[in-house]
Amino acid sequence: MAQRLRALQTELQTDRSVGESIRVCIVYDTKRGSTERVARAMAKAVGGIAEVGVFRVTENPDVERYDLIVIGAPVYYERPLPGVKEFLLSKNGLEGKAIAVFILCIADKFGKLGKKYTERRYLRMMTEHIRGRIIAVRVFDGWILKEDPKTIGEAENWIKRVLDAFKSGEELGIEHPEGE
């Protein structure tokens with residue numbers, strides 16, 4: 001399976017070398033709009049270097065036409081919004097795809113224990129139904145009332161690193177808010 005993914009990635013990179021750009025699908029669920037805002041900031045940040053589609057999970061995008069899938073959700077009541085799980089199950093766990101995962105939550109504000117809890121609980125809940133190759137996972141600080149420009153900036157930087165990792169065949173691992 002891993003060899004097949006690498007061969008597909010090499011083939012896609014070869015096609016791009018003659019002018020075809022990376023196709024990125026950013027899929028999210030949101031309750032109050034913060035995750036949508038982050039997803040759209042990511043799309044804007046890489047719009048000049050990749051072909052990007054941004055979709056709410058309820059729009060059920062055709063992920064087959066994309067090279068990289070970025071999927072995100074906020075955490076409410078101790079779990080990511082359930083629409084993400086339903087989407088992943090409906091798409092066979094995005095099997096055969098390169099995937100980056102992000103969540104918005106406030107648990108990281110509680111120090112090392114909050115980080116560990118975020119990884120063990122929330123990130124596991126986001127990734128347990130994924131059958132594709134996860135190349136990056138990111139926890140962003142969520143907000144309740146006022147948009148956090150720091151989170152938006154971190155999201156714009158992260159998606160650029162994700163694209164670089166995808167191009168080079170690397171994996172970024174789990175990242176938490178900067179300075180935490």
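A residue counts as buried under 20% relative accessible area, as exposed over 50%, and as partly exposed in between. With a relative accessible area of 46%, Asn60 therefore falls in the partly exposed group. The model discussed here is a predicted one, and Asn60 is a handy way into it. This residue sits in the loop that joins β2 and β3. Asn60 is not a glycine, yet its phi is positive, at about 50°.

Asn92 tells a similar story in another loop. Its place is between α3, which covers residues 82–90, and β5. Here too the phi is positive, about 55°, although Asn92 is not a glycine. Asn92 has a relative accessible area of 40%, so it is partly exposed.

Stepping back to the whole chain, the protein has five helices and seven strands. Read from the N terminus, these elements follow the order α-β-α-β-β-β-α-β-α-β-α-β. Of its 180 residues, 51% count as buried. Contacts across the sequence are a big part of the picture: taking the contacts with a separation of 6 or more, 79% link residues 24 or more positions apart.

One pair of helices shows how such parts of the chain meet. Helix α2 spans residues 34–46 and helix α5 spans residues 149–168; their axes come within 8 Å and cross at roughly 50°. That angle is why α2 is described as oblique to α5. The crossing of α2 past α5 is right-handed. On the α2 side, the residues that take part are Arg37, Val38, Ala41, Met42, Ala45 and Val46, and they meet Thr151, Ile152, Ala155, Glu156, Trp158, Ile159, Lys160 and Leu163 of α5. Sorted by class, this contact is made up of 10 nonpolar residues, three charged ones and one polar one.

Two of these residues give a closer look at the crossing. Ala45, in helix α2, has a relative accessible area of 22% and is therefore partly exposed. Setting aside residues up to four places away in sequence, Ala45 touches Glu156, Ile159 and Lys160. The C-alpha atoms of Ala45 and Asn157 are separated by 7.9 Å, with their positions 112 residues apart along the chain. Lys160 belongs to helix α5. Its relative accessible area is 38%, so Lys160 is partly exposed as well. With residues up to four places away again left out, Lys160 touches Ala45 and Val46. Lys160 and Met42 are 118 residues apart along the chain, and 8.3 Å separates their C-alpha atoms.

Met42 turns up again in the interior. The largest nonpolar core holds 29 residues, and the members that touch the most others are Met42, Leu68, Val70 and Trp158. Several elements supply two or more residues each to this core: β1 (22–28), α2, β2 (50–56), β3 (68–76), β5 (98–105), β6 (133–141) and α5. The top contributor is α5, which gives seven residues. There is also a second, separate core of 23 residues, and its members include Leu88, Cys105, Ile130 and Val137.

Leu68, back in the largest core, has a long list of partners. Neighbours within four places in sequence aside, Leu68 is in contact with Arg23, Val24, Cys25, Ala98, Ile99, Ala100, Ile135, Val162, Leu163 and Phe166. Leu163 is also among the α5 residues that meet α2.

Ile135, one of the partners of Leu68, leads on to the loop after α5. Glu171 is placed there, between α5 and β7, the strand of residues 173–175. At 49% relative accessibility, Glu171 counts as partly exposed, because exposed residues are those over 50%. Apart from neighbours within four places in sequence, its contacts are with Arg133, Ile134 and Ile135. The C-alpha atoms of Glu171 and Ile135 are separated by 4.4 Å, although the two residues are 36 apart along the chain.

Conventions:
Residues numbered from 1 in each chain as written. Predicted model: local features only at pLDDT ≥ 70, side-chain atom pairs only at ≥ 80, totals over all residues. Heavy atoms only, no water. Axes fitted to C-alpha atoms, helices over the stretch in contact; angles between N-to-C directions. Helix = DSSP H or I, 4+ residues; strand = E, 2+ residues; numbered from the N terminus. Parallel < 35°, antiparallel > 145°, perpendicular 65-115°, else oblique. Left-handed = near helix turned anticlockwise from the far one by under 90°. Contact = heavy atoms within 4.5 Å. Nonpolar A, V, L, I, M, F, W, Y, C, P; charged D, E, K, R; others polar. Core = buried A, V, L, I, M, F, W, Y, C linked by side-chain atoms within 4.5 Å. Buried < 20%, exposed > 50% of the residue type's maximum accessible area, 1.4 Å probe, protein only.
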